Amino acid sequence: MKRLLRMSLFFYALLLPLGVFAQEQVSPLLTLHEILSEAVNNNAEIKAAKAAVLAAKERIPQARAFDDPELGVMQWSIPSNFALFDANETWYSLSQHIPYFGKRDKRATIAALESQVMEERVHALELRVIAQTKQAYFDLFFVYKKIEIHHEQVDLSRRFSAIALEQFKAGQSGQLDVIRAQMELLGLANDLHTIEASVSTANARLNMLLNRPVSSPLGKPETPILPLLPSSVEVLQEKAAQARPENRGAALEINRWDEAIGLAKTEAKPDFTAELSYWDVHGGGNRWMTSVRMNLPWFNKKKIEAQVREAVSERGRTEAMYESSLLETRFQVQNLFTRVESNSRLLKLYEEGLLPLAEQSQEAAMIGYVTRKNDFLALIEAQKKLRDMQLAYFQALVDVNKDTTELEQIVGESL
């Protein structure tokens, strides 16, 4: 009897630190809005993509610009002794290459469309980072909720252990109940190490998305709320088809290849070179000369036709990808919408039925054990059922928010 009491006190002292972790980790984390703002502003990949967009925009005036004019000096009729300054004439020329009408505008339009496509890619990247950050935030919340539930279970197990010990001292139960209570406490102590390891992993993932050192301390996230979705999935599908950056980028790509087809066709039109020359005639009257030259693209007809066919093929490929993206978008919206609805119904079932029943079952099991109407195993089983129900409820809450986050990424806006 005394040996059992000493063992009970030893286990109780051993398990006292189980409550310390929860008390230390009470500092609140930034709100989800602040976390998302930090992620978007600090993410290195987004910064690089935005810099690429700025670079692409600078290509627009380059595409529209004329080629540099050319200045030339020519010594005409140089003596056989190569005395350059004894030439009969010196010609000074200024020439300018002039593309056929519309070519520069089409090149500038193509460059502008390319920069717009890159902007849509940046938007898609921002949505992806936001989605990943939200999901990491929700995962971190769930880990802390597991710790909270764990400590509630520790408190309950201590109560059960004390009851079992009192029952044993009063001769109303056997030593096996006390041992089972201590084994349950030891099992909870072992579980805590696993949960704490998952906290470190969840912290590191969120820190990485925030561009912080992975070991930076983070507090406890806010409890996510149950999102409200439109009543019709068709509304979200239509919104996603129009607003999803991948779809918008593909539509711009189609326009870009339309312009490329037009530009390829204009390659069959000649470009011109205008030149103005001044002749300094040594020992005679000076002269002016003007000339206009043009290339002859008709001699490269097959080359131009190949350029047109290439652009047409690329447009067809892009259009097929766009149609595929629309179908994929509608499927993903349908799938995620169904999952969110299903998990939302499951949450209500937990809130209105399963969780209250599990709590009542545990209370009934504890009363039944004290009044000797059921054994200690029934009490432990009721405790585990309540813990599993609580974890399942918060897992469903996290899942519905993570699915909504994916849905927001596809729709292109917050829900």
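In this predicted model, the lining of the second largest pocket is made up, by class, of six nonpolar, three polar and five charged residues. That pocket has a volume of about 230 Å³, while the largest pocket holds about 270 Å³ of space. Beyond the pockets, the briefing covers an open sheet of four strands and the packing of helix α8 with α9.

**The second largest pocket**

- The second largest pocket, with its volume of about 230 Å³, is lined by 14 residues, and those closest to its centre are Glu-246, Gly-249, Ala-250, Glu-253 and Met-321.
- At least two residues of the lining of the second largest pocket come from each of α6, α9 (245–266) and α10 (301–370).

**The largest pocket**

- Around the space of about 270 Å³ in the largest pocket stand 17 lining residues, and Leu-32, Lys-134, Phe-138, Ile-225 and Asn-401 are the ones that lie nearest its centre.
- Two or more residues of the lining of the largest pocket are given by each of the elements α3 (32–42), α6 (103–169) and α11 (376–411), and α11 gives the most, with four residues.
- Sorted by class, the lining of the largest pocket contains nine nonpolar, five polar and three charged residues.

**Helices α8 and α9**

- Helix α8, which spans residues 233–243, packs with α9 at an angle of about 45°, and the axes of the two helices are 5 Å apart.
- Because angles under 35 degrees count as roughly parallel and those from 65 to 115 as roughly perpendicular, the arrangement makes α8 oblique to α9.
- On the α8 side the contact is made by Ala-240, Ala-241, Gln-242 and Ala-243, which meet Pro-245, Asn-247 and Arg-248 in α9.
- By class, the contact of α8 with α9 comprises four nonpolar, two polar and one charged residues.

**The sheet as a whole**

- The four strands form an open sheet in the order β1-β2-β3-β4, and their pairing is antiparallel.
- At the edges of this sheet lie β1 (70–76) and β4 (287–294), each of which pairs on one side only.
- From one strand to the next, the twist of the sheet averages 20°.
- In general, the strands of a sheet pair through backbone hydrogen bonds, in either a parallel or an antiparallel way.

**Strand by strand**

- Strand β1 is joined to strand β2, residues 89–98, by seven bridges, and the two strands run antiparallel; within this pair, Gln-75 stands opposite Thr-90 in β2.
- Strands β2 and β3 also run antiparallel and are joined by ten bridges, with Ser-93 standing opposite Ser-277 in β3.
- Strand β3, residues 272–281, pairs with β4 in the antiparallel sense over eight bridges.
- Between β3 and β4, Glu-275 stands opposite Ser-291 in β4, and Phe-272 stands opposite Met-294 in β4.
- The strands β3 and β4 form a hairpin with five residues between them, and in the turn of this hairpin Gly-283 has a positive phi of about 85°.

Methods. Residues are numbered from 1 along each chain as its sequence is written. This is a predicted model: local features need pLDDT of at least 70, side-chain atom pairs count only at pLDDT 80 or more; totals for chains, interfaces and linings use all residues. Side-chain values use heavy atoms; hydrogens and water are left out. On a 1 Å grid over the protein atoms alone, a cavity is a set of points where a 1.4 Å probe fits but cannot get out, and a pocket is an open set with protein on both sides within 12 Å along at least five of seven lines; lining residues have an atom within 4 Å of a point. Grid points are joined across faces, edges and corners, and a volume is the space filled by probe spheres set on the points. Ala, Val, Leu, Ile, Met, Phe, Trp, Tyr, Cys and Pro count as nonpolar, Asp, Glu, Lys and Arg as charged, and the others, Gly among them, as polar. Axes are lines fitted to C-alpha atoms, for helices over the stretch in contact, and angles run from 0 to 180 degrees between N-to-C directions. Angles under 35 degrees count as roughly parallel, over 145 as roughly antiparallel, 65 to 115 as roughly perpendicular and the rest as oblique. Contact means heavy atoms within 4.5 Å. Two strands pair if DSSP finds at least two bridges between them.
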